[in-house]
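Work through these exercises with the model open. Try each task before you read its solution.

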Amino acid sequence: MDEVTKPAVAGGSLVRPCTKCWAQEATLDSRSHAVCRDCFAKFISTKCIKQIAILGKETRAPGGPPAASSTGASTSPRRYLLGLSLGVSSSVLLHLLNENVEFQLAKGRNAPFELTVVHIDVSSSLVPTSTSTSTSTSTSTSTASAPAAALEKYRQRYPRFDFQCVPLSAIFGLRTVDWSKLPDVQNINTTAPSPPSQDQNQQQEQKLRQLFDGLASAAARTDVLRLLVRHVLVAAARDGGCQALLLGHSTTALAELTLAETAKGRGFALPWLVNDGLLPVVEYEYHDSGTAAAARNSDGPAATAASMLVYHPLRDALRKELVTYATLTAPPLTALISDAPDAAVATSSNGGNGAGAVVSHKDLSIEEVMVRYFAEVETNYASVVANVARTTGKLVRLDNNGTGTGEDGNGARCGLCGMPLDEQGDERWRGELGEAKDDQLLSSSGRICYGCERSTRG
Amino acid sequence: MAPTLCAMCKTQRALIKRPKNHAKLCKACFITIFEDEVHHTITSSNLFFPGEKVAIGASGGKDSTVLASVLKTLNERHGYGLDLVLLSIDEGIKGYRDDSLETVKRNALQYEMPLKIVGYDELYGWTMDQVVETIGKKGNCTYCGVFRRQALDRGAKMLGIKHVVTGHNADDVAETVLMNLLRGDLSRLSRSTSIVTGDSGSEVKRSKPLKYSYEKEIVLYAHHKKLDYFSTECIYSPEAFRGSARSLIKQLERVRPSAILDIVRSGEDMSRLVPRESSSSCGGCKTTPVASAPAVEDDIGGCGSRNGRTPGGEMAAMDKQLIENEAYERLEIDVASTMARNKATQNEKPKDIPIRNGGSKAATRQVLGNCKRCGYMSSHDICQACTLLEGLNKNRPQIQI
């Protein structure tokens with residue numbers, strides 16, 4: 001907080017004046033400063049706008065006039081895609097982006113960007129086929145799913161933006177996943193006992209459910225789910241002609257991500273996962289247009305087509321701050337936000353995890369362990385949380401050759417998570433760890449990363 | 001129901017579920033594969049050379065006892081040609097070392113290895129009990145860790161030995177990786193995962209042959225080999241970053257047994273991602289004096305059976321320091337990071353803005369030299385041990401009436 005020197009007159013009559021404006025009663029604590037509601041909200045929105053401004057410079061049309069010129073006729077409008085999990089963080093981000101647009105319009109300027117908001121509906125795909133005990137949605141796909149209904153409320157509140165609800169099964173239409181490297185997925189087409197009457201959509205859902213059933217643990221399911229959601233979001237952004245994908249990760253979420261991916265063996269990919277920037281997108285060629293058909297087995301199935309800017313505009317705000325912020329807007333965002341603490345994380349197979357509920361460790365994911373851990377750290381040592389994300393930001397993005405930055409997308413990438421393959425690390429690991437005969441992990445085909453092997457063959 | 005047979009020999013009953021990958025093995029096969037894996041680690045990293053004199057840092061705890069036992073076995077089985085010596089440190093903690101040193105003495109007889117015990121009082125003129133008397137229970141692990149690290153090296157030097165092996169296991173390494181991520185200490189992160197520490201500049205090489213061995217498997221090995229070890233934890237051990245990281249690792253291991261090894265793998269890979277210039281990015285280093293107590297000089301401290309945990313309240317101290325740094329940062333215009341971020345994503349040439357604080361992110365590179373007082377390798381003029389001793393000695397008159 002900027003320590004404003006205390007004005008002589010104002011604040012005198014207040015019991016506990018805001019340490020920022022000295023004009024209002026402080027009701028909140030912001031990073032060990034007592035502040036009023038307005039200053040708190042401004043603090044959070046400033047953190048977001050700062051990042052949006054950086055992105056704005058990044059996405060300025062080449063050769064166009066500086067962003068300062070208000071009538072940027074020659075620059076085509078920026079277009080971003082926001083991944084909305086319906087959780088607190090992404091909802092706050094949506095609200096702040098809307099605020100930003102309204103602010104600009106009120107000043108008589110053009111909208112700084114156009115926004116498409118996409119929610120990936122994972123609700124029907126994650127209910128295990130055996131235990132469909134969940135609350136409402138699982139089987140009846142004819143009625144609108146709960147997320148679609150929830151999204152409708154957002155649409156009404158922010159009519160300016162374009163909202164879409166995309167089922168996770170859209171993943172089968174994408175060519176950014178190398179299905180041939182996912183052993184459990186290859187045969188899904190043949191083994192699926194799907195009744196002939198089912199329509200395409202239901203078949204896809206069925207397929208997805210089988211995919212997740214085939215994974216060994218809750219940890220693996222949550223991991224793969226996160227990867228698939230990311231694929232669908234990137235694809236939606238590309239299809240929509242968006243220049244950047246915005247994600248609602250808070251400082252806390254990025255710290256969780258850092259440690260979770262470390263624990264899953266993806267340390268090498270961390271700079272790509274946690275930092276903002278350009279993410280190369282690899283597409284695989286298939287023999288037929290069939291969805292889960294075998295990818296070409298040769299060495300070069302990939303055609304590195306494109307890349308996508310991925311940004312985390314809330315990277316400087318703590319989760320607890322966003323939770324507070326959600327109560328400060330008028331009307332509060334809390335009415336919109338779904339029950340799950342953070343849908344992006346809490347969507348493992350055991351449903352919306354009751355906060356603090358005792359669950360068997362077998363049903364926990366690595367992500368959930370991290371959420372619990374950082375909830376505690378955030379309460380007492382918020383700056384430590386912030387420092388984790390900042391530290392990861394200093395790590396260098398290496399491509400698989402071990403030199404230079406792989407921003408251009410050269411070099412082999414993992415067929416599942418899309419991150420650079422760490423051939424040097426794989427080699428070393430095989431050498432140092434030795435060949436345990438039963439351990440398939442070490443006889444890697446080299447086309448899928450260490451972390452993804454853990455999750456798929458685990 | 002027929003009993004499950006061992007997955008390796010397929011003849012004996014499987015009695016052990018390997019903590020590492022849940023493979024079901026019989027006792028003999030477990031012991032064999034445990035030893036084979038350590039052997040592989042040793043050979044693939046070329047840890048030893050024939051005829052080398054190696055000191056085993058022995059605390060009497062499970063890790064070092066297993067290390068001594070495994071090394072003796074492998075040395076004989078594979079003809080390493082090593083001259084193995086047990087080296088113990090006596091910190092002077094009553095009720096802790098007395099018993100564990102007895103264990104080490106018995107180990108020396110059991111493994112027919114010579115034993116050298118070096119006392120803190122001999123080396124520093126202070127026992128840990130005296131240190132605690134002076135500075136209290138908080139923060140004394142820093143002293144213990146710093147003193148111990150040097151003690152092992154000095155003890156080895158006394159014996160004319162240039163290689164010390166320690167019992168650090170995979171859990172310890174994983175813990176250190178997470179701890180350094182939490183502390184934001186990239187330089188330690190990049191150092192902590194390598195199997196050999198102490199580069200060409202240091203006189204004594206250190207290595208950890210059990211780097212890939214799970215703590216639980218070490219316990220199992222000790223149990224099934226009926227090894228004689230001492231299992232009491234340091235009575236002064238407080239909670240801290242390491243404690244926090246440790247409990248996190250235990251939870252992760254329950255969720256996914258491979259997590260420990262996966263963290264080690266991540267740590268190894270990330271050490272290659274650490275930019276060479278930013279040697280120390282810990283929160284405290286930007287503004288000059290570090291609030292948190294001086295951390296252990298190198299990767300992993302050692303505190304008996306559990307590895308040295310940095311002082312209690314360290315997390316709180318760092319949190320405080322970070323908040324202060326942030327307050328200062330607000331007064332600056334953060335040109336550097338904005339530009340760095342721009343540069344990271346677009347390959348445009350950076351705008352010509354003179355950057356006043358351009359170099360502030362990268363702290364000065366540590367240069368390894370020698371302590372002016374004791375000659376021990378240090379990146380400062382006076383090594384940490386000597387700095388700590390100076391502080392202690394100042395207070396001495398007060399307690400020695």
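The exercises below go from confidence to helices to the core.

This is a predicted model, where local features need pLDDT of at least 70, side-chain atom pairs count only at pLDDT 80 or more, and totals for chains, interfaces and linings use all residues. Residues are numbered from 1 along each chain as its sequence is written, while chains are lettered from A and ligands numbered from 1 in the order in which they are written.

**Exercise 1. Find how confident the predictor is in chain B.**

Start with the whole model: it scores ipTM 0.83 and pTM 0.82. Next, take pLDDT, the predictor's confidence in each residue, from 0 to 100. Chain B averages 78, and 75% of the residues score at least 70. Now look for weak stretches. Residues 278-312 of chain B have a pLDDT below 50, yet the model gives this stretch 135 contacts beyond near neighbours in sequence. Two residues are in contact if their C-beta atoms, placed from the backbone, lie within 7 Å. Residues 347-365 of chain B are also below 50, with 21 such contacts.

**Exercise 2. Describe the make-up of chain B.**

Count the elements: chain B has 14 helices and 10 strands. These are DSSP runs numbered from the N terminus: helices are H or I, at least four residues, and strands are E, at least two. Then check burial. A residue is buried if 20 or more other C-beta atoms lie within 10 Å of its own, exposed if 12 or fewer, and partly exposed in between; C-beta atoms are placed from the backbone. Of the 401 residues in chain B, 48% are buried.

**Exercise 3. Test the length and burial of H8(A), residues 251-263.**

The expected span is 1.5 Å times one less than the number of residues. For the 13 residues of H8(A) that gives 18 Å, and the end C-alpha atoms are 18 Å apart, so the two agree. Burial comes next: 13 of the 13 residues are buried, so H8(A) is largely enclosed by the rest of the structure. Gly265(A) follows H8(A), with a positive phi near 85°.

**Exercise 4. Place Val385(A) in its surroundings.**

Begin with its helix, H13(A), residues 382-392: 11 of the 11 residues are buried, so the helix is largely enclosed. Val385(A) is one of them. Leaving aside neighbours within four places in sequence, its contacts include Thr251(A), Ala255(A) and Phe374(A).

**Exercise 5. Which residues touch the most other members of the largest nonpolar core?**

A nonpolar core is a set of buried Ala, Val, Leu, Ile, Met, Phe, Trp, Tyr and Cys residues joined through C-beta atoms within 7 Å. Among its 204 residues, the answer is Leu82(A), Leu245(A), Val385(A), Ile56(B) and Leu178(B). Helix H7 of chain A gives the largest share, 12 residues.
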